[in-house]
Amino acid sequence: KLVLKHIELEWKKRKEAYGERLTNSKILQKIEIFQHLTDTTLARIIHKMELQTFPDGKKICKHGDVSDMFYVIMKGRVQVLIPQQDGLKHILKEVAILKELQYFGETALLGTKQTRKATCVALDQCEVLALSREQFDHLVQSNLIGAATIVQLENAAATIKKKDEARKLTRLLSTKVSKLSVMQIKRAIIF
């Protein structure tokens with residue numbers, strides 16, 4: 001019981017230290033979706049965020065799970081993997097590696113419940129600040145987060161969706177092209 005109390009105190013100290021660091025140096029304002037917010041608002045948002053640690057190789061979130069958490073990477077790197085069909089088997093393909101002050105899971109804060117579009121894995125010992133959908137909704141209801149932040153989140157989600165669609169189209173085209181004969185490709189080039 002004493003050990004658990006000590007661990008709990010350590011986490012609280014670390015979270016407070018991050019809150020001070022973020023508020024004082026305006027680190028969160030370097031992230032596009034938070035750039036327009038005041039120091040006071042950022043401090044209140046940080047207060048609602050939870051510091052989480054993931055060891056190297058640990059899944060932070062999994063494709064298909066309910067998307068209910070937004071993450072900002074504070075330390076380490078995160079590998080983003082999406083499922084793909086490779087012949088008869090499903091594989092996870094790396095589409096990005098995110099680093100400090102990058103974020104993922106923004107769709108968790110928007111609209112109705114959605115499922116994760118990717119699996120995110122810690123590449124190093126990672127520390128992230130996590131904001132739940134529930135906490136985000138409280139911030140919106142208390143007018144700490146307004147329309148500008150929601151628009152930024154929607155834009156970020158739309159950009160990711162466009163990249164996903166382009167990736168799918170490229171994969172589809174490469175599959176179709178690989179099935180064409182050399183003669184068909186020559187004819188297509190001539191016309």
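This report describes the fold, the sheet and the nonpolar cores of a predicted model.

The chain holds five helices and ten strands. Of its 191 residues, 33% are buried. Among contacts with a separation of 6 or more, 76% join residues 24 or more positions apart. The exposed area of the chain is about 12,300 Å², and carbon and sulfur atoms supply 56% of that area.

Four strands form an open sheet in the order β1-β10-β4-β7, with antiparallel pairing. The edges are taken by β1 (50-54) and β7 (103-104); each has a single partner strand, so one side of each is left without a neighbour in the sheet. Between β4 and β10, which run antiparallel, there are six bridges. Lys75 has Glu127 in β10 as its bridge partner.

The strands β4 and β10 also contribute to the largest nonpolar core, where each supplies at least two residues, as do α2 and α3. The residues with the most contacts inside this core are Phe34, Phe70 and Val72. Leaving aside residues up to four places away in sequence, Phe34 touches Leu28, Gln29, Leu42, Ile45, Phe70 and Val72. A second core is separate from this one and has Ile60, Met69, Val80 and Val128 among its residues.

The two cores compare as follows.

| Core | Size | Residues, including |
|---|---|---|
| Largest nonpolar core | 22 residues | Phe34, Phe70, Val72 |
| Second, separate core | 17 residues | Ile60, Met69, Val80, Val128 |

In soluble globular proteins, nonpolar side chains tend to be buried together.

Notes. Residues numbered from 1 in each chain as written. Predicted model: local features only at pLDDT ≥ 70, side-chain atom pairs only at ≥ 80, totals over all residues. Heavy atoms only, no water. Core = buried A, V, L, I, M, F, W, Y, C linked by side-chain atoms within 4.5 Å. Buried < 20%, exposed > 50% of the residue type's maximum accessible area, 1.4 Å probe, protein only. Contact = heavy atoms within 4.5 Å. Pairing = 2+ DSSP bridges. Areas by Shrake-Rupley, 256 points an atom, 1.4 Å probe, with all protein chains shown as cover.
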